[in-house]
Amino acid sequence: MTNLIARETATNSSQGAPLTSAKPLWLLAELSYACPLQCPYCSNPLNYPKARANELSTEQWFEVFAQARALGAVQLGLSGGEPLVRQDLEQLIGEARRLGYYTNLITSTLGANPERLSRLKDAGLDHIQISYQGSDEVINDRYAGTRSFKHKIMMTKAAKQLQLPMVMNFVLHRGNIHQLNDMLNMALELGADYVELANIQYYGWGLKNRDLLMPSREQLITAEQSCNEFRQRHAGKMDVLFVIPDYFEDRPKPCCNGWGTTFMTITPDGKALPCHAAGEIKGLEIPDVRARNLEWIWQQSSIFNAFRGDQWMQEPCRSCPEKETDFGGCRCQAFQLTGDASNTDPVCDKSPQRGLIDEAIKTSQQPKLAAQELIFRNPGSAKKLLLEN
């Protein structure tokens with residue numbers, strides 16, 4: 001094995017795992033878990049490695065990009081943590097452009113200035129998604145755990161001046177959902193091409209803080225109505241996506257468009273996953289790109305084959321006519337809430353564990369706790385900011 005990553009070719013007989021004709025069209029490169037924000041709904045694992053010494057090198061990421069491209073990947077998401085902490089980000093984007101990827105930078109913009117953003121575009125960056133925690137400085141900085149609002153505004157304007165296609169992403173929860181109209185008006189004023197109003201999905205830190213962050217059904221209904229009214233008033237000016245938390249649905253969201261069919265995530269330390277949260281499922285062997293070629297990982301690793309197709313399904317999924325639409329729901333959510341990743345996602349009203357969701361909704365609507373009681377990704381710095389405000 002070299003000091004880059006393994007290059008052996010997959011074979012299908014000795015390992016006994018079925019080959020698939022599916023391609024990992026979307027590659028998510030989590031470049032670093034380091035982040036200047038302390039969001040209490042961060043999707044990074046609770047026990048994320050804090051040491052940066054074991055992150056993949058520039059050359060190792062080049063090899064990952066090349067191998068995924070050879071498998072058919074066409075879209076590359078660059079995320080973290082915060083991808084801008086990587087000083088080689090311009091090089092990584094340049095290599096991705098050379099390989100033919102469409103690149104999307106998913107960022108808070110902390111770690112960049114207008115000059116660096118210009119360099120990233122010159123290197124080949126195709127698209128930027130800028131995250132916000134609120135529509136004003138007080139709410140944004142409270143939930144970011146870091147003073148960041150003014151910088152985000154500056155960088156959003158810089159992206160617009162560079163004519164970079166831009167999404168503004170607002171993560172909605174109990175503490176900021178009342179600002180939805182202000183968020184949309186701000187995005188329209190700043191010239192966003194697209195706005196994602198993403199109600200929290202409860203993984204990682206979001207699950208840990210679920211009781212404090214989950215809005216009520218009434219808040220969600222009001223917010224969605226406001227979103228629809230905005231769309232009607234400003235039709236054709238800006239695309240708006242409203243992502244409802246699936247706890248309030250009676251059918252689960254499709255699991256990664258089908259587990260092991262479309263997505264591949266590579267963590268900062270080189271672990272390959274079918275989705276960003278799959279590493280939380282106990283009992284699955286997680287391959288490392290330093291030891292295994294991506295072709296072998298995609299085709300033959302136990303984790304990518306664990307929930308492909310429908311042979312793994314239990315009832316009621318196995319005989320459900322909707323199983324080819326929702327794939328039994330989210331495997332990570334099934335594991336986190338029921339302890340068995342092969343169970344029906346408890347969001348589904350056909351699941352015998354649907355009561356877990358109903359109880360979570362009920363519990364979250366008990367008398368509210370103060371914002372200071374949220375568990376932030378870095379509690380010390382976030383608490384200091386809260387006390388100062």
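**A nine-stranded sheet and a neighbouring topic: the second largest pocket**

Phe-170 stands opposite Leu-197 of strand 6. This pair offers a handy way into the structure, which is a predicted model. Strand 5, spanning residues 166-172, and strand 6, spanning residues 194-199, are paired in the parallel sense, and six bridges join them. In general, the strands of a sheet pair through backbone hydrogen bonds, in either a parallel or an antiparallel way.

Stepping back, the reader can find an open sheet of nine strands, in which the pairing is mixed. Read across the sheet, the strand order is 7-6-5-4-3-2-1-8-9. Strand 7 (239-243) and strand 9 (272-273) form the edges; each has a single partner strand, so one side of each lacks a neighbour in the sheet. Helix 1, made up of residues 58-71, lies across strand 1 (26-32), strand 2 (75-80) and strand 8 (263-266). Relative to strand 1, this helix runs at about 170°.

Attention now turns to a pocket. The second largest pocket holds about 320 Å³ of space. It is lined by 20 residues, and those closest to its centre are Tyr-33, Pro-45, Asn-47, Gly-279 and Glu-280. Sorted by class, the lining of this pocket comprises eight nonpolar, eight polar and four charged residues.

As for confidence, the chain has a mean pLDDT of 91, with 91% of its residues at 70 or more. Residues 8-16, however, have pLDDT below 50; in the model, this stretch makes 14 contacts beyond near neighbours in sequence.

Definitions and conventions
Residues are numbered from 1 along each chain as its sequence is written. This is a predicted model: local features need pLDDT of at least 70, side-chain atom pairs count only at pLDDT 80 or more; totals for chains, interfaces and linings use all residues. Side-chain values use heavy atoms; hydrogens and water are left out. pLDDT is the predictor's confidence in each residue, from 0 to 100. Contact means heavy atoms within 4.5 Å. On a 1 Å grid over the protein atoms alone, a cavity is a set of points where a 1.4 Å probe fits but cannot get out, and a pocket is an open set with protein on both sides within 12 Å along at least five of seven lines; lining residues have an atom within 4 Å of a point. Grid points are joined across faces, edges and corners, and a volume is the space filled by probe spheres set on the points. Ala, Val, Leu, Ile, Met, Phe, Trp, Tyr, Cys and Pro count as nonpolar, Asp, Glu, Lys and Arg as charged, and the others, Gly among them, as polar. Two strands pair if DSSP finds at least two bridges between them. Helices (H or I, at least four residues) and strands (E, at least two) are DSSP runs, numbered from the N terminus. Axes are lines fitted to C-alpha atoms, for helices over the stretch in contact, and angles run from 0 to 180 degrees between N-to-C directions.
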